[in-house]
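Subject: Structure handover

Hi,

Here is the structure I promised to pass on to you. My notes on what turned up in it follow below.

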Amino acid sequence: MVVRSEREDGDPGEVATGQGYGAEQRERVGFFTDTSVCIGCKACEVACKEWNAVPEDGLDFTAMSFDNSVGLGADTWRHVAFVEQRRPLGHQDPGVGRPEPVDLGMPATELPGAYTGEEGRGEFRWLMASDVCKHCTSAACLDVCPTGALFRTEFDTVVVQQDICNGCGYCVSACPYGVIDRREDDGRAWKCTLCYDRIGDGLEPACAKACPTDSIQFGNLDELRERAADRLGDLHGAGVSSARLYGEDPGDGVGGNAAFFLLLDEPEVYGMPPDPVVTTRDLPSMWAHAGVAALALLVGVAAACAGGRR
């Protein structure tokens, strides 16, 4: 059954998703990704590809840290970002008394901190984060799909049916996160399904199952939000003042995400938009303005014709 998200007044915070399933409707599920415990092992990437038969998309050296997959796409449904920063964890003072290093603009040939003692390693940190489709409450990709290939499941996740995708690409440009993409060989759109086949059988998604540190947590969305708030409080209490939640707020520009994150820096650092907005939010008003303009044009043409007959 295809259930589309519908907005009456353009406010993504008032979307009632998945209500067309009746007795088949299930509790809303999602991902909480705690990047503070991500170790960058890429087990999630591998598990996702293996379970979903996602093609290999290149193992080339990209010169972007240890990141070989670069970003999400039709053949990368989970992407682990590696961000290197010359700063301590959060905004803590590591108590290191050595002077600031001189940056000559040359790439390092050794592991960070390998040439110093333990006391000299506090100024460098890795930020690692496993990104995925956000399964938005107000999903613009679903709104613009002309064939119904995109549908909302009974779990309130958003899935693509490739057998009826015509490859138009409207969903690609509509996604505010740049998640969904088309494969070059067949032109159809592909993205994370949140392992729809697994959760329907009571199993957790492959990526969460494979994560060795529980950085990727799967479950009831409301429970995950409570868990995330507790974790955020723990980190702030430990002095990691830069920690923040991203995508968990139902009042944001996309009505909240089913896949949200605990970040240790600004979203832009991880390649995420700071204030995403559903791209179809203004469509009702745009059509209204277009209708008024068309009506004014017709009135003008009628007046001109009437005046020409005199």
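The element that gives the most to the lining of the second largest pocket is β2, with 4 residues. Please keep in mind throughout that this is a predicted model.

**The pocket**

The second largest pocket has a volume of about 270 Å³. It is lined by 22 residues, and Val70, His79, Ala81, Tyr270 and Gly271 are the ones closest to its centre. Two elements, β2 (79-85) and β3 (125-131), each give two or more residues to this lining. Sorted by class, the lining residues of the second largest pocket are 13 nonpolar, 6 polar and 3 charged.

**Aromatic rings**

There are 5 aromatic pairs in the structure. One of these brings us back to the two strands just mentioned: Phe82 and Trp126 have ring centres 6.2 Å apart and planes at 85 degrees, and because an angle over 60 degrees counts as edge-to-face, that is the label for this pair. Phe82 belongs to strand β2 and Trp126 to strand β3, so their contact ties together parts that are 44 residues apart in sequence. How accessible are the two partners? Phe82 has a relative accessibility of 13% and so counts as buried, whereas Trp126, at 30%, counts as partly exposed.

Elsewhere, ring pairs join Phe151, Phe155 and Tyr196 into a cluster.

**Charges over rings**

Two arginines are worth a look in your viewer. Arg183 places its charged end over the ring of Trp190, at 3.7 Å from the ring centre. Arg198 lies over the face of Trp51, and here the distance to the ring centre is 4.6 Å.

**Salt bridges**

The structure has 8 salt bridges, and I picked out three to describe.

Arg183 appears again here, since its side chain meets that of Asp75 in a salt bridge with an N to O distance of 2.7 Å. Which parts of the chain does this pair tie together? Arg183 sits in the loop between β6 (181-182) and β7 (189-190), and Asp75 in the loop between α1 (43-52) and β2, so the bridge connects parts that are 108 residues apart in sequence. Arg183 is buried, because its relative accessible area of 10% is under the 20% cut-off. Asp75, with a relative accessible area of 21%, is partly exposed. So Arg183 has both a ring and a carboxylate as partners: the ring of Trp190 and the side chain of Asp75.

Next come Asp186 and Arg188, whose side chains form a salt bridge at 2.9 Å, N to O. Both ends are partly exposed: Asp186 has a relative accessible area of 34%, and Arg188 one of 27%.

The last of my three joins Asp222 and Arg225, with 4.0 Å between the closest N and O atoms. How many residues separate them in helix α6? They are 3 residues apart in α6 (residues 221-237), which is about one turn of the helix. Is each partner buried or exposed? Asp222 counts as exposed at 51% relative accessibility, while Arg225, at 19%, counts as buried.

**Where to start**

If you open just one region, I would suggest the Phe82 and Trp126 pair, along with strands β2 and β3 that contribute to the pocket lining. After that, have a look at Arg183 with Trp190 and Asp75.

Best wishes

Note on methods:
Residues numbered from 1 in each chain as written. Predicted model: local features only at pLDDT ≥ 70, side-chain atom pairs only at ≥ 80, totals over all residues. Heavy atoms only, no water. 1 Å grid on protein atoms, 1.4 Å probe; cavity = no way out; pocket = protein on both sides within 12 Å on 5 of 7 lines; lining within 4 Å. Points joined across faces, edges and corners; volume = space filled by probe spheres on them. Nonpolar A, V, L, I, M, F, W, Y, C, P; charged D, E, K, R; others polar. Phe/Tyr/Trp six-rings, centres within 6.5 Å; stacked < 30°, edge-to-face > 60°. Buried < 20%, exposed > 50% of the residue type's maximum accessible area, 1.4 Å probe, protein only. Lys NZ or Arg CZ within 6 Å of the ring centre and 35° of its normal.
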